[in-house]
Amino acid sequence: MLDRLIGWCKAEKLYVMLDLHAAPGGQTGANIDDSAGYPWLYDSPQEQEHLMAIWRRLATHYRDEPMVLGYDLLNEPIPAFSEAGGFESCA
């Protein structure tokens, strides 16, 4: 599907920014990343390796594609999360 989308964008001279909105294990603990209520990505070496494998594969596949302007490696990560209280203030 991405190849088709990028083909359409190329035909219209539109650049594409690849954005990983739902990292393996989740990066926010909220429904926007399909996680199970906790950002497991930060605690799971397996999910971290899965994330890196996804980006390696995408970067290799699109390395010569001029319409791919860049990559948003991890959309809206939440750096501070408490199991008891959910999101914590970063201030």
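**Group meeting talk: a walk through the model**

Hi everyone, let me start with one residue: Glu76 counts as partly exposed, because its relative accessibility is 47%. Glu76 sits in the loop between β2 and β3, the latter being residues 81-82. Its backbone deserves a look too: phi of Glu76 is near 50 degrees, a positive value in a residue other than glycine. Before I go on, please keep in mind that this is a predicted model.

Glu76 has a counterpart in another loop. Lys13, found between α1 and β1, has a phi near 60 degrees, again a positive value in a residue other than glycine. Is Lys13 buried or exposed? Lys13 is exposed, with a relative accessible area of 69%.

Now let me step back to the overall layout. The protein has two helices and four strands. Reading from the N terminus, the order of elements is α-β-α-β-β-β. Of its 91 residues, 33% count as buried. The protein exposes about 6300 Å², and carbon and sulfur atoms supply 57% of that area. For those of you who like contact maps: among contacts with a separation of 6 or more, 54% come from residues 24 or more positions apart.

Let's go inside. The largest nonpolar core has 13 residues, and those with the most contacts inside it are Ile6, Leu18, Leu51, Trp55 and Tyr62. Which elements each supply at least two residues of this core? They are α1 (2-11), β1 (16-19) and α2. Helix α2 gives the largest share, four residues.

Leu18 is a nice place to put your cursor. Leaving aside residues up to four places away in sequence, Leu18 touches Leu2, Trp55, Tyr62, Val68, Gly70, Tyr71 and Asp72. Two names in that list, Trp55 and Tyr71, are about to come back.

That brings me to the aromatic rings. A pair of aromatic rings is described by the distance of the centres and the angle of the planes. How many aromatic pairs does the structure hold? There are two. One joins Tyr38 and Trp40, with 4.5 Å from centre to centre and 55 degrees between the planes, and this pair is tilted. Within that pair, Tyr38 counts as buried at 15% relative accessibility, while Trp40 counts as partly exposed at 40%.

Then there is the pair of Trp55 and Tyr71. Why is this pair called edge-to-face? The ring centres are 5.6 Å apart and the planes stand at 85 degrees, and planes over 60 degrees apart count as edge-to-face. Trp55 lies in helix α2 (residues 45-62) and Tyr71 in strand β2 (residues 68-72), so the pair ties together parts that are 16 residues apart in sequence. Trp55 is buried at 11% relative accessible area, whereas Tyr71 is partly exposed at 32%.

On to charges. Side chains of opposite charge can pair when their charged atoms come close. Searching the whole structure turns up two salt bridges. In one, the side chains of Lys10 and Glu65 meet at 3.2 Å, N to O. That bridge links distant parts of the chain: Lys10 is in helix α1 and Glu65 in the loop between α2 and β2, 55 residues apart. What about cover for these partners? Lys10 is partly exposed, with a relative accessible area of 41%, but Glu65 is buried, at 17%.

The other bridge joins Arg56 and Glu49, whose closest N and O atoms are 3.1 Å apart. Here Arg56 is partly exposed at 46% relative accessible area, and Glu49 counts as partly exposed at 39%.

Two stops on the outside before I finish. Leu2, Leu5 and Trp8 make a nonpolar surface patch of about 300 Å². Trp8 is found in helix α1 and is exposed, with a relative accessible area of 56%.

And last, have a look at Asp34, in the loop between β1 and α2. Asp34 counts as exposed at 65% relative accessibility. How far apart in space are Asp34 and Ala22? C-alpha to C-alpha they are 6.2 Å apart, with their positions 12 residues apart in sequence.

That's my tour, thanks for listening!

Methods. Residues are numbered from 1 along each chain as its sequence is written. This is a predicted model: local features need pLDDT of at least 70, side-chain atom pairs count only at pLDDT 80 or more; totals for chains, interfaces and linings use all residues. Side-chain values use heavy atoms; hydrogens and water are left out. Rings of Phe, Tyr and Trp (its six-membered ring) pair if their centres lie within 6.5 Å; planes under 30 degrees apart count as stacked, over 60 as edge-to-face and the rest as tilted. Buried means under 20% relative accessible area, exposed over 50%, partly exposed in between (1.4 Å probe, protein chains only). A nonpolar core is a set of buried Ala, Val, Leu, Ile, Met, Phe, Trp, Tyr and Cys residues joined through side-chain atoms within 4.5 Å. Contact means heavy atoms within 4.5 Å. Patches are made of residues with over 30% relative accessible area and no salt bridge: like charges are joined within 9 Å, nonpolar side chains (Val, Leu, Ile, Met, Phe, Trp, Tyr) within 5 Å. Accessible areas come from the Shrake-Rupley method with a 1.4 Å probe; for residues, only the protein chains shown count as cover. A salt bridge is a side-chain nitrogen of Lys or Arg within 4 Å of a carboxyl oxygen of Asp or Glu.
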